[in-house]
Amino acid sequence: MAQPEEIAATGPADAGTQAPLVEAPADTVAGEVVLRLTDLVKTFPGVRALDGVQLEVRAGEVHCLLGQNGAGKSTLIKVLAGVHQPDSGQVEWRGEPITFANPQAAMRAGIATIYQELDLVDDLSVGENAFLGHEPRRMGFVRRGHMARRTRQILGRLGHGEIPPGRMVRALPAAGKQIVSMARALSHEARLIIMDEPSAVLAHDEVGNLFRIIRELTAQGIAVIYISHRLEEIREIGDRVTVLKDGRTTAANLPARDTPTRDLVSRMTGRSIEYVFPERPAAGPAGAELLQVDGLTRSGEFADVSLDVRAGEIVGIAGLVGSGRSELLETIYGARPAEAGTVRMAGKALRAGSVGAAVRAGMGMAPEERKSQALLLGEPIYRNVTLATFGRYARFGFTNAGAEEAEADRIAESLELRPRDVRRPVRTLSGGNQQKVVVGRWLLGDTKLLLLDEPTRGVDIGARAELYQVIRGLAARGVGVLLVSSEVPEVLGLADRVLVMREGRVIREAPAGELDENTVLDLVMAGSLMEGAPA
Amino acid sequence: MSDATPTPTATPERPQLPAQSPPVDPAETAVAGDKAASTGKLSWWRGDGGEGAKRNLGLIGVLAALIAVGAITKPDLYGDPTWVWNNVLAILQLASVVGVVTVGMTFVIIGGGIDLSVGAIVALAGVWCTTVATQSYGAGGMIFAAIAVGICVGLVNGVLISYGRLVPFIATLAMLVAARGLAAQISNKQTQVSTSTVINDIAARKVLGIPILVYILGAVVLAGWVLLNRTTFGRRTIAVGGNPEAARLAGINVRRHTMLLYALSGLCCGIAAIMLTSQATSAQAAMANLYELDAIAAAIIGGTLLSGGRGTIVGSLLGVIIFATITNLFAINGLSIEAQNMVKGGIIVAAVLVQQFQFKSFTRLLARNRLTTTP
Ligand SMILES: Nc1ncnc2c1ncn2[C@@H]1O[C@H](COP(=O)(O)OP(=O)(O)OP(=O)(O)O)[C@@H](O)[C@H]1O
Ligand SMILES: [Mg+2]
C-alpha cells in the first residue's frame, strides 16, 4: 500500500540535522511559471462553478485570488489539489499538461493545500494530523519521536511552539486548528502552497505571523496562492492578483499593491461598493435593559465578567482568539454551564447551562464554527435557516415547508445568498454563503438578543456591507446585539459600545467612538492561543 | 449587473517576475449572469429529498430483478394472476412484523442511535400480554399491555442513553439480554397460548381480500412517513442525528428528543408483538429472534445512514420487502435457509456498495479528509 522507498527518497531530513521549515526542491527557478490554467471549466449539477478560468502563477510569488462568495475560488483550488477533476480546460504544471486524479497525486507533484474548511481528524494528535498520510516511517513503523520533533519544529517556526504535538486536535480552539492545518501543508516538500482564506479564523497578530512564514516560503522560490476577502491583507502580502467573477477570470495579474480598491471591487462585483459601516443612529433615549450578566466565571476560560446590553444597542467584544470571548458568549447562551455568576434577560434570571431557557427568553446565537456547530450539511438551505424556528411555522406539530421556504428566501435575498435556490443542500454552498445561512438563521422570528460570534467570517465585501445593514436594521427595531469579532475595525465600526477582553477578563469598556484601532490592539495584545484551550 | 472591464496588463511587482499577462479576452468577461441561481432539482417526493428518491428507484430496480428471477425460475406460477396476487399478499404479510419494527428502528438510526433490543422488546411485550393475568382483561387489555411494555422498555433505553450517557450500542445490548431474561422468567420458559379470538383473528382475517396485518404495516409506515417528513418531531430527529451540537445550539432539547426516539421504537415493538402473537396464536421468550439484525439491515439497505441524519421510511419499507421477497423466492424454489442467508448477506453488501457509488463525491470528500496521501 505505502511507498516507503519514495518517502525515504524525498522525505524530510533525518532527525538531528536542522531542517529548514520547508525545503524547496533543488531545481526551483525564481520567476519561472510553475502553473498555468487555461479555460478551466468545472460544473456541478445545476451550477457552472468554473466557467473558463485563466491563471498564471510564478515561482516565488504570492498570487492572490479575489472574488465574491461563490465566485469559484475554492472550486479552483480543489481542482488544483486533485479533489475535483475539471470538465474541460488545461492545467499546465511546470510546463507540462497534467490532471491530478486525486489529492495524493497533487501532493506528490508538490502542491500542498490549506483548505477553507478545516479538514483535521479531531481524535488524532497534532503531530499525527500534521503528518497524516505521510508519517515518517522505518520498516513500516511510524517514527513517533521523529514525527513529534518535526512537528514541534514546524509549529515553532509558525510561532506556536506552545502547542504540544501530542495534544488531541479536538482540544484546540479554532485558531489552533488553523495553525495545525498550516503545519500540515508545511510538512510536505512543496513548490506551490495554496491557502484558502487562512486568515479568516486568525487574530491580528496571528496574521502577521502567517505573513512572515509566507515571505520565508517565497524567498525560497515557493509559489503561494493566497485567498482572502480582506483587501488590506492582499495589499500587504500579495504580488499579483487574479479576479474571478461567476467562475470566470475578469482580470489577471493585476499588481497587488497599486491597483485601486475601486477597480478591484468593481471587477469582483460588477458594481462599486462603498465599504462602509451603516451610520449609527443619533443617541436617542437608551433602550430598556435587556441582558445583564453579573460576575460570570468559568475557570480557565474567563473570570468575573459583568456586562449588559440594552434593547437596540450593539455591543462589541474585541479580544484575541483565546481571550475567552467565544466561551463567554456560549456561556451566556447556556451552551456551557457557568461556574459562578448570573445571566438575566429582561430582569429574569436564566437557568445556567440551558440553551432552551436562553432561546425561550429570546436569545439566538450564531456560533463560531459553522461546520461543526451550526450546519446540517446534507439538509436543504431553508431547513438550515429555520433550524431554530421551524416550530413557529408549524401547526399542531405539522411543519409548514412552504412558509419556511418563503422566509428563507427572504433572508437569502437580503444577504445576497448565491445560488438563491433555498432547496439546495447547504453542502453545495461556498464557504461564505454557508456563513450567511448561519447568521441568517437568527434574523428570523422574534429574537430579542443576538449573540454573533465572528458573523462575517469568510463573507465577501459586498455581502458584508449588506450584513452590517441588516444587523443595524435589527438594532433599530429594538434587538440587542452582542458581537464578537477578530477584526477590530468591524467591532469599532459596527458597535455602539466596545468591551475589550484579555485573558478572560474585561479590561476596558467604552463607547466605540472613544476608541481607535491602535488603542484596542495595544490593549488586546499579549496572551497566546493555548490559554483559551481546555487543559 | 455589468462588469465590462478592460483587460489590465500586469505590472510586475518584483523584478524577477517578467511582465506578462495571459490573454484574457474582454468579450469573455461579459456577465455570466445569474446562471448559478435556481437550477436546483425539485425533489421527487418532497421531504424525502432528491437523493433519497433516486436511491429508492434503485431499490425498486432490485425488487424488479428479484421478481424477474422468480418469473424465470417458476414461469408456470408467475403465469397465474391469482397466484401472483396471493404471493404478493404473502410477501407483504411476511414483511409486516419486521416492517413495523423497522419503522421505529429507522427513526432511532436517523437520530444518531441504534436499538439492538427490538427483538427482545417484542418478546417481552408478547409474553407479558399473554400471561394468564393479562389475558383475563381481554383483547383490549392485551393490546394495552403490549404497547405499554414496549414504550416503557424503550423509555428505559432512552433514559439510559440520553441522561445516563451510555453508548446506545451498549445500553440496548444490555437491554436485549435483560428483556429476554425477564421474558423467560415471566413465561417460565413456556409457550403461552393466546386464547383471545380477537387477537388471533388479526393475523387470520382479511378485509377486502387483504390481510389485516398488511393494513397495520401500511398504517404504521404512513404514520412514520408523515412523522418524519411533515412534523417538527421528524425535523428534530434529522437535526439531532445530523449534527447534535448544531441542534443543541439551535435550542433543540437533544436529550429529551433522543429519549423519545427510543420510546417510539419501543412503541413499534409493542405493535409488532401483538401482530406476532396473533400470527403464532402464542408467545414465548425466544420469539422475534434476531429481529434487530433484520430491521437494521433493512434500514441500511433503504439508505439510512448509520451515522445518523439521513434516511427515508420508504427506503426502509423497500428494504424489508426486498428481504421478504428473497425469502419467498427461496421458499417457492424449495431452497434452504442457509443459501438464503448467504444471499441476504450478499445483498446487504451490494446495496451498501451501490449507495457509496451514488455518493461518490461525498466519499471522495471523506477520503480527502481522512487520508491525505496513499496509506
Ligand atoms: N459540491 C458542490 N456541489 C454543487 N455546487 C457546488 C459544490 N461546491 C461548490 N459549488 C458551487 O460552486 C460555486 C463556487 O463555489 P466556491 O466554493 O468555489 O466559491 P468561493 O469562491 O470559494 O466562495 P467563498 O468566498 O464563499 O468561499 C458556488 O455557486 C457553489 O454553490
Ligand atoms: Mg471558498
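A residue counts as buried when its relative accessible area is under 20%. By that cut-off, A:Ser74 and A:Gln116 are both buried. Keep this pair in mind as you look at this predicted model, since the two residues coordinate the magnesium ion (ligand 2).

**The magnesium ion**

- Coordination of ligand 2 comes from OG of A:Ser74 and OE1 of A:Gln116, at 1.9 to 2.1 Å.
- A:Ser74 belongs to helix α2 of chain A, while A:Gln116 sits in the loop between β6 (111–114) and α4 (126–130), so the pair ties together parts that are 42 residues apart in sequence.

**Ligand 1 and its surroundings**

- The shell around ligand 1 holds 21 residues, and those that come nearest are A:Ser74, A:Thr75, A:Thr428, A:Ser430 and A:Gly432.
- By class, the shell residues are six nonpolar, 13 polar and two charged.
- Backbone contacts come from two residues: a polar backbone atom of A:Lys73 is 2.8 Å from an oxygen atom of ligand 1, and one of A:Ala71 is 3.3 Å from an oxygen atom of the ligand.
- A:Gln116 appears here too, with a polar side-chain atom 3.0 Å from an oxygen atom of ligand 1.
- On its own, ligand 1 has 640 Å² of accessible area, and the protein covers 90% of that.
- Two or more shell residues come from each of these chain A elements: β2 (47–58), α2 (73–80) and α16 (431–440).
- Ligand 1 lies between domain 1 (5–110 + 189–269) and domain 3 (305–531) of chain A, because both give residues to its shell.

**Backbone geometry worth a look in chain A**

- As background, most residues other than glycine have a negative phi, and most peptide bonds are trans.
- A:Arg418 and A:Pro419 are joined by a cis peptide bond, with omega about -5°; A:Pro419 is in the loop between α15 (401–414) and α16.
- A:Glu197 has a positive phi, near 50°, and is found in the loop between β9 (192–196) and α7 (204–219).
- With a relative accessible area of 7%, A:Glu197 is buried.
- A:Phe396 also has a positive phi, near 50°, and lies in the loop between α14 (390–393) and α15.
- A:Phe396 counts as exposed, at 77% relative accessibility.

**A residue in chain B**

- B:Arg180 is part of helix α7 (residues 168–187) of chain B.
- Its relative accessibility is 16%, so B:Arg180 counts as buried.
- B:Arg180 and B:Val159 are 21 residues apart along the chain, and their C-alpha atoms are separated by 19 Å.

Notes:
Residues are numbered from 1 along each chain as its sequence is written. Chains are lettered from A and ligands numbered from 1 in the order in which they are written. This is a predicted model: local features need pLDDT of at least 70, side-chain atom pairs count only at pLDDT 80 or more; totals for chains, interfaces and linings use all residues. Side-chain values use heavy atoms; hydrogens and water are left out. A residue is near a molecule or strand if one of its heavy atoms lies within 4 Å of it. A polar contact is a pair of N or O atoms within 3.5 Å; within protein, one must be able to donate a hydrogen and the other to accept it, and residues adjacent in sequence count only if both atoms are side-chain atoms. Accessible areas come from the Shrake-Rupley method with a 1.4 Å probe; for residues, only the protein chains shown count as cover. Helices (H or I, at least four residues) and strands (E, at least two) are DSSP runs, numbered from the N terminus. Ala, Val, Leu, Ile, Met, Phe, Trp, Tyr, Cys and Pro count as nonpolar, Asp, Glu, Lys and Arg as charged, and the others, Gly among them, as polar. Domain bounds come from an automatic or database domain assignment. Donors are N, O and S atoms within 2.8 Å of the metal (3.2 Å for Na, K and Ca); water is not among the atoms, so sites may look incomplete. Buried means under 20% relative accessible area, exposed over 50%, partly exposed in between (1.4 Å probe, protein chains only).
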